[in-house]
Amino acid sequence: MTKVVLLDGYNDEPAGLGVPPYIDIYPRYIAGAIWSVEKTATIHYFTIDEARRLKEKFFSTVEKSDLLVVFGGITVPGKYLGGTPITLEEILRIPRQVTRPKKILLGPLVRFGFGKSGGERAVPREEFLDAYDLVAPGDPWLVIYDYMREKSLEKVDKYAISRDYTLVNQFAVRGARIVLQHPNLGYNLTAEIETYRSCPRWVTGGCSFCIEPRFGRVVFREPRDIALEVRALYELGVKGFRLGRQADFLAYKGRGVNEVEFPEPDPEKIEELMRHVRLAAPDAEMLHIDNVNPATIYLHKEKAKEALRKIVKYHTPGDVAAFGLESADPDVAKANNLGNDAEGVIEAVRLVNEVGKNRGWNGSPELLPGINFVLGLPGETAKTFRLNKEFLLRILEENLLVRRVNIREVLPLPGTPMWSIGTRIAEKNKKYIKAFKKVGSRTL
């Protein structure tokens, strides 16, 4: 019987969050891949915070195991209340403190590099090769599935990528019970649920700093398959769900996906998805979405409005449609292929307010926009920060509601256009960035 330790170093990506109270797809899919091959395998799951707090127990468990799987990766810089992501020092030190098991490193920190913080270059995966038996940039669940079947590191396809959801749907249900080992279960655990892969804007290359378009062609999951996973998690005690692993929720099965940059929303398909999820978790305490491209809204107003109403029909209040404005400066938008303009985003904020500003049963507004800024991008000047401030002031002047404002510095990742540019723009504009962060926090 194989004994495995999964160490969750946490992830934060444009589509997907795994810092507590969130649990993302990685531990669930990886566990499902293991149990799909060997039903009797023993899996011990630790978050990185548990490994720190229960250090003796963690290392004792690892030494009695056959395999240590470490995964995680921050590709969107953030600050977290629920946990502290794995550090560079821990990634290198932990495998060197154990001798018995095979050691595999997986996840965004391998595929795209280890992000320390915004305004700093990511650390490429080559830095980790000597510490692990296998450092694999492919889909973690497929890499582990290969290893479990072959029991040989040499035969594993470390670049394996899912082309469809046939295996993922199987892994998602079988691996759901790993949540029983999460420290937040029964308190406020929220499961990130994947609806599709990649970003519809991959057809034009997407934003200069973003990893999502690098996945290529968009591939959707079916509502029934998503609902089966939600049902499995719900029956195990998970009460919070976020349909967060997609670049634009309104593009789910939209008209023109993989052909045009901004597909037209299909309200019926969105309602079908929301209905299936709600029926799978009828008493869910939280059912939210995440990313929405504001251009999808202002370019397809009526369809977008109808789709947003479908979301409000099935979700729980307090929901957030995260808008990637990134910059209100048209020069920055053009230089980085952001695909949005400030005027259009204001229009999208108005429309979401129209649909979602009324308060629901829990006292929170049903659905509000969240505004994201990314600083340190090509084309950025002192004018950029003035325009960003003016954008926020317009929100106030029009008495529009937003759920939150995220202000981040760019994190240059290998494989993105920003990698060759690095942090020199952020360093040059350091005083403006510092001032704008203060203005943003005071304005809203």
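**Exercise 1. A covered helix**

How many of the 15 residues of H13 are buried?

Solution. This is a predicted model.
- Step 1. Find helix H13 at residues 342-356.
- Step 2. Check its length: H13 has 15 residues and spans 21 Å from its first C-alpha to its last, close to the 21 Å expected.
- Step 3. Apply the cut-off: a residue is buried when its relative accessible area is under 20%.
- Step 4. Count: eleven of the 15 residues of H13 are buried, and the helix is mostly covered.
- Step 5. Name them: Ala342, Gly344, Val345, Ile346, Ala348, Val349, Leu351, Val352, Asn353, Val355 and Gly356.
- Step 6. Look for the cover: it includes helix H10 (294-299), helix H11 (301-314), strand E13 (319-326), E14 and H14.

**Exercise 2. The whole chain**

Describe the overall build of the chain, from its secondary structure to its charges.

Solution.
- Step 1. Count the elements: the chain has 17 helices and 15 strands.
- Step 2. Test the size: a compact globule of 444 residues would have a radius of gyration near 22 Å, and the chain agrees because its value is 21 Å.
- Step 3. Box the C-alpha atoms: they fill roughly 65 × 50 × 40 Å along the principal axes.
- Step 4. Turn to burial: 62% of the 444 residues count as buried.
- Step 5. Turn to the surface: about 17,700 Å² is exposed, and carbon and sulfur atoms supply 49% of it.
- Step 6. Look at contacts with a separation of 6 or more: 80% of them join residues 24 or more positions apart.
- Step 7. Finish with charge: there are 65 positive and 58 negative side chains, and the centres of the two sets lie 2 Å apart.

**Exercise 3. Helix H8 and its neighbours**

Which helices and strands do the buried residues of H8 pack against?

Solution.
- Step 1. Find helix H8 at residues 223-235; its 13 residues reach 18 Å, close to the expected 18 Å.
- Step 2. List the buried residues: Pro223, Ile226, Ala227, Glu229, Val230, Ala232, Leu233 and Tyr234.
- Step 3. Recall the geometry. An α-helix has 3.6 residues a turn, so residues three or four places apart point the same way.
- Step 4. Name the partners: helix H1 (25-37), helix H7 (166-174), strand E8 (190-194), strand E11 (240-245) and helix H9 (267-280).
- Step 5. Take the partner H1: twelve of its 13 residues are buried. Among them are Tyr26, Arg28, Tyr29 and Trp35.
- Step 6. Look past the end of H8: Gly237 follows, with a positive phi near 110 degrees.

**Exercise 4. Two loop residues**

Is Val238 buried or exposed? Do the same check for Gly376.

Solution.
- Step 1. Place Val238 in the loop between H8 and E11.
- Step 2. Read its accessibility: Val238 has 0%, so it counts as buried.
- Step 3. List its contacts beyond four places in sequence: Val179, Leu185, Leu189, Ala191 and Leu233.
- Step 4. Place Gly376 in the loop between strand E14 (367-375) and helix H14 (382-397).
- Step 5. Read its accessibility: Gly376 also counts as buried, because its value is 0%.
- Step 6. List its contacts beyond four places in sequence: Val410, Met418, Ile425, Ala426 and Ile433.
- Step 7. Compare two sites: Gly376 and Ala227 are 149 residues apart in sequence and 40 Å apart, C-alpha to C-alpha.

**Exercise 5. Unusual backbone angles**

What kind of peptide bond joins Pro20 and Pro21? Then find the phi of Asn337 and of Asn399.

Solution.
- Step 1. Recall the rule. Most residues other than glycine have a negative phi, and most peptide bonds are trans.
- Step 2. Check the bond: Pro20 and Pro21 are joined in cis, with omega about 15 degrees. Pro21 lies in the loop between strand E2 (16-17) and strand E3 (22-23).
- Step 3. Check Asn337: its phi is positive, about 50 degrees. Asn337 lies in the loop between helix H12 (330-335) and helix H13.
- Step 4. Check Asn399: its phi is positive too, near 55 degrees. Asn399 sits in the loop between H14 and strand E15 (404-409).
- Step 5. Read the accessibilities: Asn337 has 26%, so it is partly exposed. Asn399 has 66%, so it is exposed.

Definitions and conventions: Residues are numbered from 1 along each chain as its sequence is written. This is a predicted model: local features need pLDDT of at least 70, side-chain atom pairs count only at pLDDT 80 or more; totals for chains, interfaces and linings use all residues. Side-chain values use heavy atoms; hydrogens and water are left out. Helices (H or I, at least four residues) and strands (E, at least two) are DSSP runs, numbered from the N terminus. The radius of gyration is taken over C-alpha atoms; the globule rule is 2.2 Å times the number of residues to the power 0.38. Buried means under 20% relative accessible area, exposed over 50%, partly exposed in between (1.4 Å probe, protein chains only). Contact means heavy atoms within 4.5 Å. Accessible areas come from the Shrake-Rupley method with a 1.4 Å probe; for residues, only the protein chains shown count as cover. Lys and Arg count as positive and Asp and Glu as negative; His and the chain ends are not counted. The place of a charge is taken as NZ of Lys, CZ of Arg, CG of Asp or CD of Glu. The expected span of a helix is 1.5 Å times one less than its number of residues.
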